[in-house]
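Hi,

Here is the structure I promised to pass on. Have a look at it first, and then read my notes underneath.

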Amino acid sequence: MNFFWHVPRNILIIVLKLYRRVVSPMYGQVCRFFPSCSAYALEAVTVHGAVKGSWFAMRRIVRCHPWNSGGIDHVPAPVHVNWDDPSTVPLIVQLNHPHVFLAKQQETQSRNSA
């Protein structure tokens, strides 16, 4: 049953990854936000699911226009997720929040080496 529940989310993830691999490189670095709109959408769908993640992605795309100054705009964190262990965090979340997860990774490595 769990497999069928995640099918819409997984389809959106595949479409977003294809977009990021095929279409996005043709445009180059033109996004006025960090993370880029496609990275934001991928994180939102991965973390929040197909419906809520699509809602966050659409809101972000609507804000992306020439009159918006852009800047850092992260996906709202889900309330029920605790990512103290960096190995359990999806890669797109780690890439979109490097300051958080690089610090945790260094902290974990220093604890393991001690």
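**Helix H4 and what surrounds it**

Start with H4: at 1.5 Å a residue, its 12 residues should span 16 Å, and the end C-alpha atoms are indeed 16 Å apart, so the two agree. Bear in mind that this is a predicted model.

H4 is largely enclosed by the rest of the structure, because 12 of its 12 residues are buried. Among them are not just nonpolar residues such as Leu42 and Val45, but also Ser38, Glu43, Thr46 and His48. The cover over these buried residues includes H2, helix H3 (24–27), helix H5 (50–63) and H6. Just past the end of H4, Gly49 has a positive phi of about 95 degrees.

H4 also matters for the count in the largest nonpolar core, where it gives the largest share, 5 residues. That core has 11 residues in all: Ile13, Leu16, Ala39, Ala41, Leu42, Val45, Val47, Ala57, Val89, Ile92 and Val93. Helix H2 (7–22), helix H4 (37–48) and helix H6 (91–96) each put in two or more. In soluble globular proteins, nonpolar side chains do tend to be buried together.

If you want one residue to click on, try Ala39: leaving out residues up to four places away in sequence, Ala39 touches Arg20, Ile92 and Asn96.

Then there is the outside. Ile14, Leu18, Val22 and Met26 form a nonpolar surface patch of about 430 Å². H2 supplies the largest share of that patch, 3 residues, and Leu18 is one of the residues found in H2.

Cheers

How values were computed. Residues are numbered from 1 along each chain as its sequence is written. This is a predicted model: local features need pLDDT of at least 70, side-chain atom pairs count only at pLDDT 80 or more; totals for chains, interfaces and linings use all residues. Side-chain values use heavy atoms; hydrogens and water are left out. A nonpolar core is a set of buried Ala, Val, Leu, Ile, Met, Phe, Trp, Tyr and Cys residues joined through side-chain atoms within 4.5 Å. Buried means under 20% relative accessible area, exposed over 50%, partly exposed in between (1.4 Å probe, protein chains only). Helices (H or I, at least four residues) and strands (E, at least two) are DSSP runs, numbered from the N terminus. Contact means heavy atoms within 4.5 Å. Patches are made of residues with over 30% relative accessible area and no salt bridge: like charges are joined within 9 Å, nonpolar side chains (Val, Leu, Ile, Met, Phe, Trp, Tyr) within 5 Å. Accessible areas come from the Shrake-Rupley method with a 1.4 Å probe; for residues, only the protein chains shown count as cover. A salt bridge is a side-chain nitrogen of Lys or Arg within 4 Å of a carboxyl oxygen of Asp or Glu. The expected span of a helix is 1.5 Å times one less than its number of residues.
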